[in-house]
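Thank you all for coming. I would like to take a few minutes to walk through a structure that will be new to most of you, so please have a look at the display before I go on.

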Amino acid sequence: MEVVSPGTRRTDRFAKPGEYAAAGIPFYWRVEQDPVHLHAYRRGYRIGPGGERQYELMADSDGLIELSEPFDIKLPITEITP
């Protein structure tokens, strides 16, 4: 899970997902702040410029995330905010 911060926004959104995919990490969540929004990804079959499989979006929400992989979860986003 990556929590995007103002000082590293570009890196968190663009560089890190490619690094995680290249390392073989199968699932990746990105949490945006202000307003809080969760993006859930899994490694797909599309190949990126570096030859790695890229992430595909599974779900995104500022309300409720419901996923069946990598595990079943119903996560009310408002309950994870400070």
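Let me begin with one pair of charged residues, D12 and K16, whose side chains form a salt bridge in which the closest N and O atoms are 3.2 Å apart. Please keep in mind throughout that what you see is a predicted model.

Where do D12 and K16 lie with respect to each other in helix α1? They are four residues apart in that helix, and therefore about one helical turn separates them. As for their surroundings, D12 is buried, with a relative accessible area of 0%, whereas K16 counts as partly exposed, at 22% relative accessibility. The pair also belongs to something wider, since E2, D12 and K16 are linked in a network of salt bridges.

In general terms, side chains of opposite charge can pair when their charged atoms come close. How many salt bridges does the structure hold? There are seven, and I will mention two others besides the one I started with. One of them joins R30 to E32, with the closest N and O atoms 2.8 Å apart; here R30 is buried at a relative accessible area of 10%, and E32 is likewise buried, at 9%. Another brings together the side chains of E66 and K74, at 4.0 Å from N to O, and in this case K74 is exposed, with a relative accessible area of 58%.

Let me now turn to the sheet. Four strands make up an open sheet, in the order β1-β2-β3-β4, and their pairing is mixed. Which strands stand at the edges? They are β1, residues 2–3, and β4, residues 53–61, and because each has a single partner strand, one side of each is left without a neighbour in the sheet. Helix α1, which spans residues 9–22, packs on this sheet and touches β1, β2, β3 and β4, while its direction makes about 165° with that of β2, the strand covering residues 27–32.

As a reminder, strands of a sheet pair through backbone hydrogen bonds, and they may do so in either a parallel or an antiparallel way. For strand β3, residues 37–47, and its partner β4, the arrangement is antiparallel, and seven bridges join the two. If you would like a place to look on the display, find I47, which stands opposite R53 in β4.

To return to where I began, the salt bridge between D12 and K16 sits within helix α1, the helix that packs on the sheet. Thank you for listening.

Notes
Residues numbered from 1 in each chain as written. Predicted model: local features only at pLDDT ≥ 70, side-chain atom pairs only at ≥ 80, totals over all residues. Heavy atoms only, no water. Pairing = 2+ DSSP bridges. Contact = heavy atoms within 4.5 Å. Axes fitted to C-alpha atoms, helices over the stretch in contact; angles between N-to-C directions. Buried < 20%, exposed > 50% of the residue type's maximum accessible area, 1.4 Å probe, protein only.
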